[in-house]
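Here is a structure to explore through questions and answers. Have it open as you read.

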Amino acid sequence: MDKPPKTPKAETSDNVFRHERFVSYVIDHIKQDNGFAARLKRADNPATEYQSWELLADFGIDLENKWQRLPYCTVGAALARAKPAENGACSLGSAIARSFEKGNQSDQAKARLRRLLACTSAPEACRILRPLLALMTSRGVTPDFSQVLNDLLQYTEKGQERVRARWANDFYHHNENVNAAEIAYD
C-alpha cells in the first residue's frame, strides 16, 4: 500500500493557516493517489478513522483531542468523497441554501440549518455536517471547506455563538448576495 507523501510538520504552535494548508494538501493529493482518497473517505467513521491519523499527525493535529481531530476527519472525508478540483468559495450557510431549489425559502433547507444550529458541540456539529456536506456536493455546490473546517475548530463554548450566527446570516442573506453579484456582473 502506497503511503501519501509526507506533509510539512507544524513548525510552530500558530494554527492560523493550518486548516487552509490541510484543505489544499488534501485536494491536491486526492487527485493523484486513489489509495490516499480511499483511506481519507473512512475518516468520518469512528471504526475506521484511524486510517487517517498518519495524515492528521503530520499536520500536528492532537489525535487524543476529539474537538480538534473530528473536524479534520469530517472535512477530510467530505473532500475525499467530493473530489473537488479546488476549494469552493461558498460559505456554509449560503451553500446550504444553494443546495435547494427554493434556496433559503425551502422548508428542507431551513430544517437542515436549524438542526445544525441546534448543535451544542463540535463533535455533534461534525456528525450533522457529514450528510449535509455530501448533499451539497451531490447537488454541485462546493462549500469553502477551509472555512467550514475553521468554523468547526472555533465551535467551542466561546466561539460557538459567533459561528452559528455567521452560518444563519449567510443562509438567510443568500438571495441578497446572489442578487448583488448578478447586478455587479450586468
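**Helices, caps and cysteines**

Trainee: Leaving aside neighbours within four places in sequence, which residues is serine 52 in contact with?

Mentor: This is a predicted model, so every answer rests on computed values. Leave out the neighbours of serine 52 within four places in sequence. The contacts of serine 52 are then Leu40, Ala43 and Cys73.

Trainee: Where does serine 52 lie, and is serine 52 buried or exposed?

Mentor: Serine 52 lies in the loop between helix H2 (34-41) and helix H3 (53-58). Its relative accessibility is 2%. Buried means under 20%, so serine 52 counts as buried.

Trainee: Cysteine 73 is buried too, with a relative accessible area of 1%. Which cysteine sulfur is closest to the sulfur of cysteine 73, and why is there no bond?

Mentor: A disulfide needs two cysteine sulfur atoms within 2.5 Å. The sulfur of cysteine 73 is 8.5 Å from the closest one, which is too far for a bond. By this rule, the model has zero disulfides. The closest sulfur belongs to cysteine 126.

Trainee: How many of the 17 residues of H4 are buried?

Mentor: Helix H4 covers residues 66-82. From first C-alpha to last, H4 reaches 23 Å, close to the expected 24 Å. The rest of the structure largely encloses H4, because its buried residues number 13 of the 17.

Trainee: Which residue caps the N-terminal end of H4?

Mentor: Look for a side-chain oxygen 2.9 Å from the backbone nitrogen of tryptophan 67. At the other side, H4 is followed by lysine 83, with a positive phi near 50°. The cap is asparagine 65.

Trainee: At which residue does H7 bend?

Mentor: Helix H7 covers residues 122-138, and its end C-alpha atoms are 24 Å apart, which agrees with the expected span. Yet H7 bends by about 35°. Proline 131 follows the bend within four residues. The bend is at leucine 129.

Trainee: What covers the buried residues of H7?

Mentor: The buried residues of H7 include Cys126, Ile128, Leu129, Leu132 and Leu133. Their cover includes H4, helix H5 (92-98), helix H6 (107-117) and helix H8 (145-153).

Trainee: Which residue has a side-chain oxygen within 3.2 Å of the backbone nitrogen of glutamate 124?

Mentor: This contact is at the start of H7. After H7 comes glycine 140, whose phi is positive, near 80°. The side-chain oxygen at the start belongs to serine 121.

Key. Residues are numbered from 1 along each chain as its sequence is written. This is a predicted model: local features need pLDDT of at least 70, side-chain atom pairs count only at pLDDT 80 or more; totals for chains, interfaces and linings use all residues. Side-chain values use heavy atoms; hydrogens and water are left out. Buried means under 20% relative accessible area, exposed over 50%, partly exposed in between (1.4 Å probe, protein chains only). Helices (H or I, at least four residues) and strands (E, at least two) are DSSP runs, numbered from the N terminus. The expected span of a helix is 1.5 Å times one less than its number of residues. A polar contact is a pair of N or O atoms within 3.5 Å; within protein, one must be able to donate a hydrogen and the other to accept it, and residues adjacent in sequence count only if both atoms are side-chain atoms. The bend at a residue is the angle between axes fitted to the seven residues ending there and the seven starting there. Contact means heavy atoms within 4.5 Å.
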